[in-house]
Amino acid sequence: MTEIDAPSGEKIEFWRWREYHRVLTGNGWTSKDTITAGVDVGSVSSKASIMVNGQAYSWGVTRTGSNSPDSAKKALGLALDGTGLQVSDLKYIVGTGYGRVNVPMANKAITEIACHAKGANYIWGSSVRTVLDVGGQDIKAIRVDEAGRVVSFLMNDKCAAGTGRGMEVFADLLKIPVEEIGETSLKVVEEPPPVSCTCVAFAKTEAIGLLRKGWSKEKVLAAYTRAMAVRMANLIYSLGLEKELVITGGQSKNIGIVTRIEAALGVKCLPMPNWKDHGLDPMVAGAFGAALFAKALYEKSRKINGG
Amino acid sequence: MITAGMDLGTQTIKVVILKDNVVLSRERCFSGFDPAEAAKQALNGALKEANLNLTDLHHSVATGSNMELAPHANSTVSMLSADAKAGTHLFPEARTIIDVGAEEARAVKCDEKGIMLDFVVNERCAAGAGAFIEAMARALEVKLEEMGPLSLKAERASSINASCVIFGESDVVSLIHQRESKAEIARAIFDALAERIASMVQMLGVNPDIVLVGGVAKDVGFVASLSRKLSVKLLVPDYPDFAGALGAALIASSRARSLQK
């Protein structure tokens with residue numbers, strides 16, 4: 001996996017995570033293959049994946065900038081990097097995510113709920129029934145069937161509690177790199193009580209008070225992470241908990257959140273794929289789903305056109 | 001009959017001293033790190049201004065989110081009841097009292113006797129209280145007290161799609177990047193909070209007369225936005241931030257009277 005370092009600045013930005021791309025080695029492509037792409041422009045990160053005949057081949061993850069089309073291009077550029085493919089080789093592209101209507105190269109836009117359901121089914125298989133997608137600015141609990149189709153869903157939007165954006169705020173406040181906050185939150189001897197209010201603005205004030213009282217950063221982070229995990233567990237309860245459970249989106253990489261959701265629900269999630277090595281990346285689930293929809297739409301259009 | 005009302009809010013403490021239901025003095029201070037000590041000083045300040053001693057008080061009632069920390073309180077009362085009492089005392093025709101504080105907002109529906117019939121509260125989300133304006137003013141780099149007058153200069157309504165302080169900050173920054181004027185952004189900020197409060201009030205039904213109290217009621221920008229959203233004229237008393245303390249002091253009077261009987 002190639003990692004692109006954050007630009008060096010005079011101020012350390014603890015919220016900033018590394019952008020990256022990855023090509024699964026051992027797979028190749030020929031011009032006869034059905035090569036499709038999914039581009040998921042989220043509020044915080046943009047992801048793109050390229051699939052060859054419905055199998056993941058490469059992906060890229062970048063921070064979403066102020067302009068959705070540019071972020072989509074950058075993510076797709078990262079996914080194409082090192083594959084020898086050009087945008088013109090892509091037979092069909094589906095855009096998804098918060099900025100899906102602003103993906104200029106996309107042939108069609110599909111909601112991220114459908115794409116995450118499909119993507120989770122692709123990553124973990126047909127036993128998945130509940131998908132918790134924890135994104136940059138909202139949280140969705142999705143009930144799926146054995147084919148990865150959406151049965152029902154619940155979402156919490158327009159509130160930063162538990163989202164990736166809320167975690168970035170805490171990373172900055174506690175001066176802990178955002179990629180380490182999960183591990184750091186688990187470095188407590190005893191789990192402290194959760195912060196009393198999940199509102200990130202109030203939790204921030206409460207956290208400052210706890211730091212003044214002499215709490216360690218780890219303990220404060222544990223109290224905040226726990227409150228967020230309880231909130232997400234409640235969303236799953238409202239939808240109805242049905243096994244197997246998986247977590248997608250950026251927060252799926254936050255081991256502090258995942259561990260505490262499992263504890264709150266008394267249920268283990270399906271094992272996380274080893275995305276740093278050869279496994280599929282749960283943060284890219286929406287883009288995988290979109291690339292699979294792209295394949296299906298491409299094949300349908302060929303049938304209609306008699307091809 | 002001399003009574004005191006003490007409102008220990010999340011950000012400020014307000015004290016009102018009454019003689020036969022007429023205000024003798026008012027005192028306000030920041031809650032700070034030690035609300036109990038701050039409340040003591042505010043009470044002493046108010047008594048001094050009225051030329052009274054602690055022993056002159058027949059009864060004192062505390063309210064507000066830190067009411068249990070109040071010094072020398074004979075009893076406590078909920079913020080909702082204090083708001084209902086003060087609102088109907090100031091405006092006898094009042095049927096709805098809206099209280100927007102630093103970290104909480106409430107709306108109370110009451111009958112002609114000032115008895116509470118129904119209420120709605122927001123205490124879990126900073127986007128539905130004064131904290132929202134404070135955070136957005138910081139993002140906009142405008143002093144809090146200048147936000148209201150600035151917003152009244154806006155020539156048109158722009159909007160921020162924020163019902164969260166954290167996302168609101170990003171929205172304000174993107175409006176700045178789009179070269180929207182500070183006046184328009186300030187108005188958008190008040191409109192966003194007013195939208196939240198209006199939807200809370202609408203859960204009770206919009207029953208005039210509607211009284212607006214709490215620290216945020218001092219902000220002309222917010223009053224203008226909320227009147228527009230609710231399409232009614234809002235009654236704002238003098239010293240709207242003292243309404244909770246006034247209500248507590250009025251309740252202290254009636255409690256003292258019934259104790260005397």
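## Exercises on a predicted two-chain model

A:L132 stands opposite A:I247 in β11(A). Keep in mind that the model is predicted, and let us work outward from that pair.

**Exercise 1. Find which strands the pair A:L132 and A:I247 belongs to, and place them in their sheet.**

Step 1: Start with the two strands. Strand β8 (residues 130-134) of chain A is joined to β11(A) by 4 bridges, and the two run parallel.

Step 2: Widen the view to the sheet. It is an open one of 4 strands in the order β10-β9-β8-β11 (chain A), with mixed pairing.

Step 3: Look at the edges. In chain A, β10 and β11 (245-248) each have a single partner strand, so one side of each has no neighbour in the sheet. From one strand to the next, the twist averages 15°.

Step 4: Add the helix. Helix α2 (residues 112-124) of chain A packs on this sheet and touches β8, β9, β10 and β11 of chain A. The direction of α2 makes about 60° with that of β9(A).

**Exercise 2. Describe how β9 and β10 of chain A are connected and paired.**

Step 1: Check the sense. Strand β9 (residues 138-144) and strand β10 (residues 150-157) of chain A are antiparallel, with 7 bridges between them.

Step 2: Pick out one bridge. A:V144 has A:V150 in β10(A) as its bridge partner.

Step 3: Inspect the turn. The two strands form a hairpin with 5 residues between them, and A:G148 in the turn has a positive phi of about 80°.

**Exercise 3. Trace the neighbours of strand β9 in chain B, and decide whether its side chains are buried or exposed.**

Step 1: Take one neighbour. Strand β6 (residues 96-100) of chain B pairs with β9(B) in the parallel sense over 4 bridges; B:I97 is bridged to B:V211.

Step 2: Take another. Strand β10 (residues 234-235) of chain B also pairs with β9(B) in the parallel sense, over 2 bridges, and B:I210 has B:L234 as its bridge partner.

Step 3: Follow the connection. From β9(B) the chain passes through helix α7 (residues 220-230) of chain B to β10(B), a right-handed β-α-β crossover.

Step 4: Sort the residues of β9 (residues 210-213) of chain B. B:I210 and B:L212 point one way, B:V211 and B:V213 the other way, and all are buried.

**Exercise 4. Locate the cis peptide bonds from A:K243 to A:E244 and from B:P208 to B:D209.**

Step 1: In chain A, the bond from A:K243 to A:E244 has omega near 0°. A:E244 sits in the loop between α6 (217-239) and β11 of chain A.

Step 2: In chain B, the bond from B:P208 to B:D209 has omega near -5°. B:D209 sits in the loop between α6 (182-202) and β9 of chain B, the strand from Exercise 3.

**Exercise 5. Work out where A:N53 and B:D20 lie, and how exposed each is.**

Step 1: Check the backbone. A:N53 is not a glycine, yet has a positive phi of about 55°; B:D20, also not a glycine, has one of about 50°.

Step 2: Place them. A:N53 is in the loop between β4 (45-52) and β5 (55-63) of chain A, and B:D20 in the loop between β2 (12-19) and β3 (22-30) of chain B.

Step 3: Apply the cut-off: exposed means 12 or fewer other C-beta atoms within 10 Å. A:N53 has 13 and is therefore partly exposed, whereas B:D20, with 9, counts as exposed.

Key:
Residues are numbered from 1 along each chain as its sequence is written. Chains are lettered from A and ligands numbered from 1 in the order in which they are written. This is a predicted model: local features need pLDDT of at least 70, side-chain atom pairs count only at pLDDT 80 or more; totals for chains, interfaces and linings use all residues. Two strands pair if DSSP finds at least two bridges between them. A residue is buried if 20 or more other C-beta atoms lie within 10 Å of its own, exposed if 12 or fewer, and partly exposed in between; C-beta atoms are placed from the backbone. A crossover is right-handed if, with the strands pointing away from the viewer, the path from the first strand over the helix to the second runs clockwise. Axes are lines fitted to C-alpha atoms, for helices over the stretch in contact, and angles run from 0 to 180 degrees between N-to-C directions. Two residues are in contact if their C-beta atoms, placed from the backbone, lie within 7 Å.
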